[in-house]
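The following exercises are intended for a reader meeting this structure for the first time. Each task is followed by a solution in steps.

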Amino acid sequence: MYIVSACLAGVKCKYNAKDNYDPELHKFLSREKVQLVCPEQLGGLTTPRPPAEIVGGSGEEVLSGKARVLTREGIDVTENFVRGAGETLRIAQLLGAKGAILKEGSPSCGSSLIYDGTFRGVKQPGQGVTASLLRKEGLKVYSENNFLENIKEKKGD
Ligand code: SF4
């Protein structure tokens, strides 16, 4: 069983009330048991909502209190992001998830890239708050770009 970003499956839970539907992932969803989650909604944010970026670091620094998650207007939504990460971890643990497939680039779900905090559409290496917490607790985290090779490799072990 895998935790999957709901927007990748077609749920319109993005900040702009759209989705990130991924056809390759859709095939996977029909074969595997998955639990769809949207950490930002689980953290109490509305849809639609203002876009937010991590300022001053990556997901790890947000979890350790050294960086914040802010909207373009400077509203601090760190608490929502941390709560959503915690609830996603709780779901993963309750269901005994093997890992997670999360949307790349998101300040919650990004597993190798996040926006740089300037709201100029620039990505930099780093992980989102939820991806960071899941990894810290020992879960494997993949994105829509690399889940297939990693999960296949694992099955072939
Ligand atoms: Fe998708 Fe994750 Fe953003 Fe929710 S928090 S819209 S699941 S990328």
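A pocket is an open set of grid points where a 1.4 Å probe fits, with protein on both sides within 12 Å along at least five of seven lines. A molecule sits in such a pocket if more than half of its atoms lie within 2 Å of its grid points. The model used throughout is a predicted one.

**Exercise 1. The ligand and its pocket**

Task: Determine which space the ligand takes, and describe the residues around the ligand and around that space.

Solution.
Step 1. The ligand takes the space of the largest pocket.
Step 2. Around the ligand there are 14 residues, and those that come nearest are Cys7, Cys13, Cys38, Glu40 and Cys109.
Step 3. Sorted by character, this shell holds seven nonpolar, three polar and four charged residues.
Step 4. The volume of the largest pocket is about 540 Å³.
Step 5. Its lining consists of 29 residues; Lys14, Tyr15, Ser106, Pro107 and Tyr115 are the ones that lie nearest the centre of the pocket. The elements that contribute two or more residues to this lining are α2 and β3.
Step 6. The lining of the largest pocket comprises 15 nonpolar, six polar and eight charged residues.

**Exercise 2. Backbone features in the loops**

Task: Locate the cis peptide bond that leads into Pro48, and state where Ala17 and Phe119 are placed.

Solution.
Step 1. The cis bond runs from Thr47 to Pro48, and its omega is near -5°.
Step 2. Pro48 belongs to the loop that links α2 (39–42) and β3 (52–55).
Step 3. Ala17 is not a glycine, yet its phi is positive, at about 65°. Its place is the loop between β1 (2–5) and α1 (23–31).
Step 4. Is Ala17 buried, exposed or partly exposed? Buried requires under 20% relative accessible area and exposed over 50%; Ala17, at 30%, therefore counts as partly exposed.
Step 5. Phe119, also not a glycine, has a positive phi of about 60°. Phe119 is found in the loop between β6 (113–115) and β7 (123–125).

**Exercise 3. Salt bridges**

Task: State how many salt bridges a search of the whole structure finds, then examine the pairs formed by Arg68, Arg83 and Arg90.

Solution.
Step 1. Side chains of opposite charge can pair when their charged atoms come close. The cut-off applied here is a side-chain nitrogen of Lys or Arg within 4 Å of a carboxyl oxygen of Asp or Glu.
Step 2. The search of the whole structure yields seven salt bridges.
Step 3. Arg68 pairs with Asp76, and the closest N and O atoms are 2.9 Å apart. Arg68 is partly exposed at 39% relative accessible area, and Asp76 is likewise partly exposed at 38%.
Step 4. Arg83 pairs with Glu79, with 3.4 Å between the closest N and O atoms. Both residues lie in helix α4 (residues 78–95), four residues apart, about one turn of the helix. Arg83 has a relative accessible area of 40% and is partly exposed, whereas Glu79, at 58%, is exposed.
Step 5. Arg90 pairs with Glu87, the closest N and O atoms being 3.0 Å apart. Because Arg90 and Glu87 are three residues apart in helix α4, about one helical turn separates them. Arg90 is partly exposed at 48% relative accessibility, and Glu87 is partly exposed at 26%.

How values were computed:
Residues numbered from 1 in each chain as written. Predicted model: local features only at pLDDT ≥ 70, side-chain atom pairs only at ≥ 80, totals over all residues. Heavy atoms only, no water. Buried < 20%, exposed > 50% of the residue type's maximum accessible area, 1.4 Å probe, protein only. Near = heavy atom within 4 Å. 1 Å grid on protein atoms, 1.4 Å probe; cavity = no way out; pocket = protein on both sides within 12 Å on 5 of 7 lines; lining within 4 Å. Nonpolar A, V, L, I, M, F, W, Y, C, P; charged D, E, K, R; others polar. Points joined across faces, edges and corners; volume = space filled by probe spheres on them.
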